[in-house]
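Trainee: Please pick one part of this model and go through it slowly. I would rather follow one connected account than a list of separate remarks.

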Amino acid sequence: MYEISHVISERPYDKLQVGKLVKTSSFEVLFISLEKGSLFPEHTSPTDAQLIMLEGAIVFHINGTSYPLKTQQHFNFPKATGHWVEADENSKFLIIR
């Protein structure tokens, strides 16, 4: 079945919003919307993960280092490692894990 969804473009900026776009037996894709000034509190990923910035600017904090990320940038990070995110601008990104 083929389906077109506008869930990413239609998701409003309202602090932290997390949604699951795809889940299969081998991977999942999460969609995160983070309002400027909001935080995604510290957490870990159960698998190695890829972050793909769709729009905005965030700072990704992991292992005592801060990584500024902007639209169209990609960032990978390991499983079971505490990390947190803060939004410098209204931002949307994908997590593939």
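**A close look at the sheet**

Mentor: Begin with one pair of residues: Met53 stands opposite Phe93 in E9. Before going on, keep in mind that this is a predicted model. The pair belongs to the contact between strand E4, residues 49-55, and strand E9, residues 91-96. These two strands run antiparallel and are joined by five bridges.

Now step back to the sheet they sit in. It is an open sheet of five strands, in the order E1-E2-E9-E4-E7, and the pairing is antiparallel. At its edges are strand E1 (16-23) and strand E7 (74-77), each of which pairs on one side only. On average, neighbouring strands of this sheet are turned by 20 degrees against each other, direction ignored.

From E9, move across to E2. Six bridges join E2 and E9, and these strands too run antiparallel. One of the pairings is that of Ser33 with its bridge partner in E9, Lys92. On to E1: E1 and E2 pair in the antiparallel sense over seven bridges. Here Val22 has Val29 in E2 as its bridge partner. The two strands form a hairpin, with four residues between them. Ser26 is in the loop between E1 and E2, and Ser26 is exposed, with a relative accessible area of 61%. The C-alpha atom of Ser26 is separated by 15 Å from that of Ser45, a residue 19 positions away along the chain.

How many residues of strand E2 are buried? Seven of its seven residues are, so strand E2 (residues 28-34) is mostly covered, where buried means under 20% relative accessible area. In a regular strand the side chains alternate between the two faces of the sheet. In E2, Glu28, Leu30, Ile32 and Leu34 point one way, while Val29, Phe31 and Ser33 point the other way. Residues on both sides are buried.

Leu21, in strand E1, is partly exposed, with a relative accessible area of 32%. Together with Val22 and Phe27, Leu21 makes a nonpolar surface patch of about 210 Å².

Return to Glu28, one of the buried residues of E2. Its relative accessibility is 8%, so Glu28 counts as buried. Side chains of opposite charge can pair when their charged atoms come close. Glu28 forms a salt bridge with Lys20, and the closest N and O atoms are 3.3 Å apart. Lys20 is exposed, with a relative accessible area of 51%. Glu28 also forms a salt bridge with Arg97, where the closest N and O atoms are 2.7 Å apart. Because Arg97 lies in the segment after E9 and Glu28 in strand E2, this pair ties together parts that are 69 residues apart in sequence. Arg97 is partly exposed, at 24% relative accessible area. Salt bridges that share partners thus join Lys20, Glu28 and Arg97 into one network. The count of salt bridges in the model comes to two.

To recap the route: E9 is joined to E4 by five bridges and to E2 by six, and E2 in turn is paired with the edge strand E1. The salt bridges then link Glu28 of E2 to Lys20 and to Arg97.

Methods
Residues are numbered from 1 along each chain as its sequence is written. This is a predicted model: local features need pLDDT of at least 70, side-chain atom pairs count only at pLDDT 80 or more; totals for chains, interfaces and linings use all residues. Side-chain values use heavy atoms; hydrogens and water are left out. Two strands pair if DSSP finds at least two bridges between them. Axes are lines fitted to C-alpha atoms, for helices over the stretch in contact, and angles run from 0 to 180 degrees between N-to-C directions. Buried means under 20% relative accessible area, exposed over 50%, partly exposed in between (1.4 Å probe, protein chains only). Patches are made of residues with over 30% relative accessible area and no salt bridge: like charges are joined within 9 Å, nonpolar side chains (Val, Leu, Ile, Met, Phe, Trp, Tyr) within 5 Å. Accessible areas come from the Shrake-Rupley method with a 1.4 Å probe; for residues, only the protein chains shown count as cover. A salt bridge is a side-chain nitrogen of Lys or Arg within 4 Å of a carboxyl oxygen of Asp or Glu.
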